Amino acid sequence: MPSPHADNGGATKRPLSPHTPGALLHPASIAFILAFPLGIVFGMLMMDWPCKADFCLESFHAIAKRNSRIALGVFYAWCLAAVAVALAARALPRLRFALLRPLNNSSFTLGEALFHLWILALFFFNLGFFTVHTEELLNSPAYVARKLVPARRAAFFWAQMTGKLTDVTLGLTLLFTAKSSGFQTLLGVSFDRLARVHRWVGMLFIAAVAAHGALYIGFTAQYRTAEDLLSVLFYGSQRSATHDHPLGWGEGNWMVTMGTYSAILLFPVAALSIPSVVRRRNFPLFRLAHWLVFPMMLFAWLHAASDFYYCIPGLVIYLADTALRLRAAWGATTQDKALRVRSVVFEPTGHVRVDFDWPAGGGAAAAADSAGRWALLHFPDVAPLEWHPYSLAQGAGSVATVFFRDPSAAAAAAAAAGKPRRRRNAFESRLAAALAGGGGGSPDKTNGGGGDQPPPPLRVAVHGPFGGPTGLAPLAGLRALAVVVAGTGAAPGFGLARRAAAGSVGGDGGVLLAWSVRVPGGAGAAAKVSLVRECARAGVKVVVYETGGAAAAAAADPEAGAATSAGAGEGEGDLDDGVVVHRGARMDPTAVLRAHFAAAAGAGAGKEGPVGVFVCGPAGFRAAVRRAAGALGAEGMDVRLCEEGFEL
C-alpha cells in the first residue's frame, strides 16, 4: 500500500484556477447572498413594529424614523457597492492584480486601502448626516415643547449622533467575524485580510462606544445629582417630578442602564483583543473573551433597537458558519462517518506533519485542489470545543496534509540552548502529544529521512477549504514562481509549489521553494523534512536556509564545508538529495529572486510575462521579501506578489 503522502509529481495535470468548484451553491455563499436582502427588509419593517425596548426613538418621532431609514439604506447600498467591486475584481484579472498591488512595499494592498477609505467614508457620512438631522429633530415642535435645559439638550445631541456611529461600526464588526463566508467562497478574499479589517473596524466601534458614553455622562452630570446619575446608569429607576415610584420598563431610563451593562461587557473583550500578544500566546483566553460579545450585543439592542438593524447580515453569515462547523463536528463524532488521521511524521526540525482523510462530497473541493489554501480543523479527541485554522501543505487524492511546529519540541530545544522560553500554543502541544501516542514526540517517532509512524486513532473534522493565493491566479499564466517562506509559513508554500510544478509553471526549474528555518537538531535537518524531499522529487527547485543552533555551529566549522556568507543567494551551498542547503546563513530575498527569475529566463521561460512571488512568514521576513519584489517591479519586471501571514 503506498504511503498516504507518497510523491504524486507525475499526476495528471489539472487546470489551476482561483475559483472553487460549486462556489455559488456552497451553503456559506447562499447565506451571504441572502443576508443583505434579509437585513434591509427586516431592518425597515422592524421600525414599524411595536417597540419592545425601554424606549425606541424611531417609534417616538417621525423625523427620527425617516433619518434612521435613510442611514440604514445608505449602509446597505454601501455594502452592495463593495460586493460589486469585489465581484468585478474576481472576474477581471487586470482589476484584481491592480487591487492586490502592495502600497509602497507595505503589507497593505491598494484594494485594502480603498476598502478602509470606503469604511471611513461611510463612518463620516453618518457623522455628518446625524449632526445635521439631530439638530433638526431637537428643533421639531415635539422637542421644543419638552423645554429641555441646555445641558440635557446637549446630552441628547451627542448621545444620538455618536450612538448612530456605534450602530454602523457594530454591524461592520460582526459582518467580518465569520471564519468562512461568501467573502471566501464567492469573492476570494482571504480570512487573513478579513481578520485585519475586523480588528480595525472593531477598534472604531470601541472608540465610538467610548465617545458615546463619555459625552452622555459628561453632559448628563450637569443637570442630575450624583445619586440620580448612578441610578440611571446602573439600575434605571429614579424618582422624578412626575413619578413617585421606581420607574418600570418603558417608563424611564432603563435604556441607559442597558447601555452601561453593554459597555461593561465590552471592556474585557477590548482589553484581551486589541493587544495581539494575547491572541498569539493564549488563544483560548482570547476566544473565551469573545463569547462576552453575545450578551454585550443583547444589552446593546435593548439599549437602542436600531443597533440590531445593522447586525442582521453579520448574524445570518455567522450563524450559517456556526451551523456548518457544528455539522462537521457531528460527523467527526459519528464513528461510521468520522475522518481519521492517516499518518504522522515528527520531522527533525521540530515540525509535525499530519496526513488525514479529506471529506468526500458535500461540495468540498478535492484535496489535491486544496493545497496552498486553508481549512478549519477540529480534533475532538484533543480539544472537544476548539476549531483551529491550518494551511493545507498538500493533497493527494482523498488525503490532505498540515504542517506545524511542536511547541514542546521548540521549548525543549530553547532550554537546551540555554534560552528557556514559554510554550506559546497549548493546543498544539496537546495535539503533538496525542499524535505521538501521549509521548510528546519521542525520538523513535522522529523522521530521520525515513518513514511514517502508525497513525493514532484520532478523529478530525474539516471545515473548508477557504482562501488561496488568488493574487497569483491563474498560475499557468506565470513564466516563473518563487515561493519564499519562513518557519511554519512553509506549510502553504509546499502545496502551492507542488501545484505550480504539476501545472508546468515556467517549465523545468520554473518553480522555486526557498525556506528559511531554525534548526534545533543536527545540521542538514531541514533537507530531510519529508515535504521538502517530495517537493524536490516533484520538480520544484528547493533551497533551504538553516539558522540557529546546530546550523550556526556547522557553518562556523571549517571542516563542515558548508559555511556560507549571510545574505547568500539561491545558487550556493551544499546539495543534499537534490536540495540546496545553506547552513548558518540568512536568506537575502533580493538575491534569491534575481537569481531564480534570471535562471528561469535562461532556461526557456523567456523574459516576457509576469512572474509570481508568494511569501509567508513573520512580519519582518515578509517586509524584506516585499522590498525585494518591489525593487524588481521598479526595474520594469511584472511581479505579482501574494502575501500571507500568521494572523489566524
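User: In strand 13, Val-611, Val-613 and Val-615 point one way and Gly-612, Phe-614 and Cys-616 the other way; are these residues buried or exposed?

Analyst: In this predicted model, strand 13 covers residues 611–616, and six of its six residues fall under the cut-off for burial, which is 20% relative accessible area. In a regular strand the side chains alternate between the two faces of the sheet. The two sets that point opposite ways here, Val-611, Val-613 and Val-615 on the one hand and Gly-612, Phe-614 and Cys-616 on the other, are all buried.

User: Which residue is the bridge partner of Leu-481 in strand 13?

Analyst: Strand 8, which spans residues 480–486, pairs with strand 13 in the parallel sense, and six bridges join the two. Within that pairing, the residue of strand 13 that partners Leu-481 is Gly-612.

User: Which residue in strand 14 does Val-611 stand opposite?

Analyst: Strand 13 also pairs with strand 14, made up of residues 639–644, again in the parallel sense and over six bridges. In this pairing, the residue of strand 14 that stands opposite Val-611 is Val-639.

User: How many of the residues of strand 12 are buried?

Analyst: Strand 12 runs over residues 579–583 and is mostly covered. On one side Val-579, Val-581 and Arg-583 are buried, and on the other side Val-580 and His-582 are buried, so that both faces are covered. The count of buried residues in strand 12 is therefore five of five.

User: Which residue stands opposite Arg-583 in strand 12?

Analyst: Strand 10, covering residues 541–547, runs parallel to strand 12 and is joined to strand 12 by four bridges. Arg-583 is one of the buried residues of strand 12, and the residue that stands opposite Arg-583 is Glu-546.

User: Why is helix 20 described as largely enclosed by the rest of the structure?

Analyst: Helix 20 consists of residues 530–537, and its buried residues are Ser-530, Leu-531, Val-532, Arg-533, Glu-534 and Cys-535. The description is used because the buried residues of this helix number six of eight.

User: Which residue just after helix 20 takes a positive phi?

Analyst: Helix 20 takes in residues 530–537, and the residue in question lies just after that stretch. Its phi is about 100°, and the residue is Gly-539.

User: Are helix 1 and helix 3 roughly parallel or roughly antiparallel to each other?

Analyst: Helix 1 (residues 27–46) and helix 3 (residues 62–91) have axes 10 Å apart, and the angle at which they pack is about 170°. Among the residues that meet are Phe-32, Phe-36 and Ile-40 in helix 1 and Leu-72, Tyr-76 and Val-83 in helix 3. By class, this contact has nine nonpolar, three polar and one charged residues. Because angles over 145 degrees count as roughly antiparallel, helix 1 and helix 3 are roughly antiparallel.

User: How do the residues of the contact of helix 5 with helix 7 divide into nonpolar, polar and charged, that is, how many are there of each?

Analyst: Helix 5 (residues 110–138) packs against helix 7 (residues 150–175) at an angle of about 150°, with the axes 9 Å apart, and that makes the two helices roughly antiparallel. Helix 5 passes helix 7 in a right-handed crossing. The residues that meet include Phe-123, Leu-127 and Glu-135 in helix 5 and Arg-153, Phe-157 and Lys-164 in helix 7. By class, the residues of this contact divide into 13 nonpolar, five polar and three charged.

User: Leaving aside its neighbours within four places in sequence, which residues is Val-269 in contact with?

Analyst: Val-269 lies in helix 11, which covers residues 254–273, and Val-269 counts as buried because its relative accessibility is 8%. Met-296 is 27 residues away in sequence, and its C-alpha is 9.6 Å from that of Val-269. Once the neighbours within four places are left aside, the contacts of Val-269 are Ala-289, Leu-292 and Val-293.

User: What distance separates the C-alpha atoms of Ser-262 and Phe-294?

Analyst: Ser-262 is found in helix 11, and at 8% relative accessibility Ser-262 counts as buried. Beyond its neighbours within four places in sequence, Ser-262 is in contact with Met-296, Phe-299 and Ala-300. Phe-294 is 32 residues from Ser-262 along the chain, and their C-alpha atoms are separated by 9.8 Å.

User: What percentage of the residues of the protein count as buried?

Analyst: The secondary structure of the protein comes to 23 helices and 14 strands. Among contacts with a separation of 6 or more, 73% are between residues 24 or more positions apart. Of the 648 residues of the protein, the share that counts as buried is 53%.

Terms used. Residues are numbered from 1 along each chain as its sequence is written. This is a predicted model: local features need pLDDT of at least 70, side-chain atom pairs count only at pLDDT 80 or more; totals for chains, interfaces and linings use all residues. Side-chain values use heavy atoms; hydrogens and water are left out. Buried means under 20% relative accessible area, exposed over 50%, partly exposed in between (1.4 Å probe, protein chains only). Contact means heavy atoms within 4.5 Å. Axes are lines fitted to C-alpha atoms, for helices over the stretch in contact, and angles run from 0 to 180 degrees between N-to-C directions. Angles under 35 degrees count as roughly parallel, over 145 as roughly antiparallel, 65 to 115 as roughly perpendicular and the rest as oblique. A crossing is left-handed if the near helix is turned anticlockwise from the far one by less than a right angle, and right-handed if clockwise. Ala, Val, Leu, Ile, Met, Phe, Trp, Tyr, Cys and Pro count as nonpolar, Asp, Glu, Lys and Arg as charged, and the others, Gly among them, as polar. Two strands pair if DSSP finds at least two bridges between them.
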